[in-house]
Amino acid sequence: MLFRSEYQHVLDRLLRKFATAKRLVPKPVIERDTRNDAAIVSIGSCDGAVREALDMLAARGVRLDYLRVRGFPFGEEVEKFLEEHAVVYVVEQNRDAQLRSLLTLETRVEKSKLRSLLHYSGLPVSSAFIVDGVLADRAEGRRAVAGEAS
């Protein structure tokens with residue numbers, strides 16, 4: 001049986017390992033334009049659809065920054081990227097919003113900034129799904145602001 005001090009020692013050791021891992025995991029891929037206040041964060045196989053969606057949105061005058069997470073635990077780059085944007089669309093292919101959950105639990109990001117775009121039909125996510133989700137969210141945001149002004 002572990003004594004209290006041994007247990008605490010084990011947990012402290014794990015905390016140090018976690019801090020070291022933050023420095024050693026692959027850095028995220030970040031594409032940004034300093035004028036954008038909105039962004040997309042995604043992971044893994046969503047990358048192709050996200051890149052295509054970014055081009056489609058840009059053709060409509062909607063420009064977003066992009067961060068592709070490549071490892072966990074998140075490094076300082078992820079934290080800084082989230083802080084720099086007013087709205088962050090989290091694109092992932094699962095029902096439970098696991099990436100969004102990790103971002104909320106492991107960073108200081110304000111939950112209200114994160115907008116989930118969840119795709120879990122069993123088929124790969126499409127750029128059209130992402131474009132539609134971003135445009136719908138932006139339209140809702142404009143209506144809310146217009147409603148407050150009246």
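**Surface, fold and interior of the predicted model**

The protein chain exposes about 9500 Å², and carbon and sulfur atoms supply 54% of that area. The structure described here is a predicted model, and its surface makes a convenient place to begin. Turning from the outside to the inside, 36% of the 150 residues of the protein chain count as buried. Charged side chains can be considered next: the protein chain carries 24 positive and 22 negative charges, and the mean positions of these two sets are 3 Å apart.

As for the fold, five helices and five strands make up the secondary structure of the protein chain. Followed along the sequence, these elements come in the pattern α-β-β-α-β-α-β-α-β-α. The pattern thus opens with a helix followed by two strands, and it ends with a helix. Taken along the principal axes, the box filled by the C-alpha atoms is roughly 60 × 40 × 30 Å. The contacts say something about how the sequence is brought together: among those between residues at least 6 apart in sequence, 78% join residues at least 24 apart.

It is also worth a look at the space inside. Rolling a probe the size of a water molecule over the atoms shows where empty space is left. In this model the count comes to one cavity of 30 Å³ or more. The largest cavity holds about 50 Å³ of space. Its lining comprises 13 residues, of which Val25, Pro26, Lys27, Pro28 and Gly75 are the closest to the centre of the cavity. Readers with the structure open may like to start from these five residues, Val25 to Pro28 together with Gly75, when locating the cavity.

Notes: Residues numbered from 1 in each chain as written. Predicted model: local features only at pLDDT ≥ 70, side-chain atom pairs only at ≥ 80, totals over all residues. Heavy atoms only, no water. Helix = DSSP H or I, 4+ residues; strand = E, 2+ residues; numbered from the N terminus. Buried < 20%, exposed > 50% of the residue type's maximum accessible area, 1.4 Å probe, protein only. Contact = heavy atoms within 4.5 Å. Areas by Shrake-Rupley, 256 points an atom, 1.4 Å probe, with all protein chains shown as cover. Lys, Arg positive; Asp, Glu negative; His and termini not counted. Charge placed at Lys NZ, Arg CZ, Asp CG, Glu CD. 1 Å grid on protein atoms, 1.4 Å probe; cavity = no way out; pocket = protein on both sides within 12 Å on 5 of 7 lines; lining within 4 Å. Points joined across faces, edges and corners; volume = space filled by probe spheres on them.
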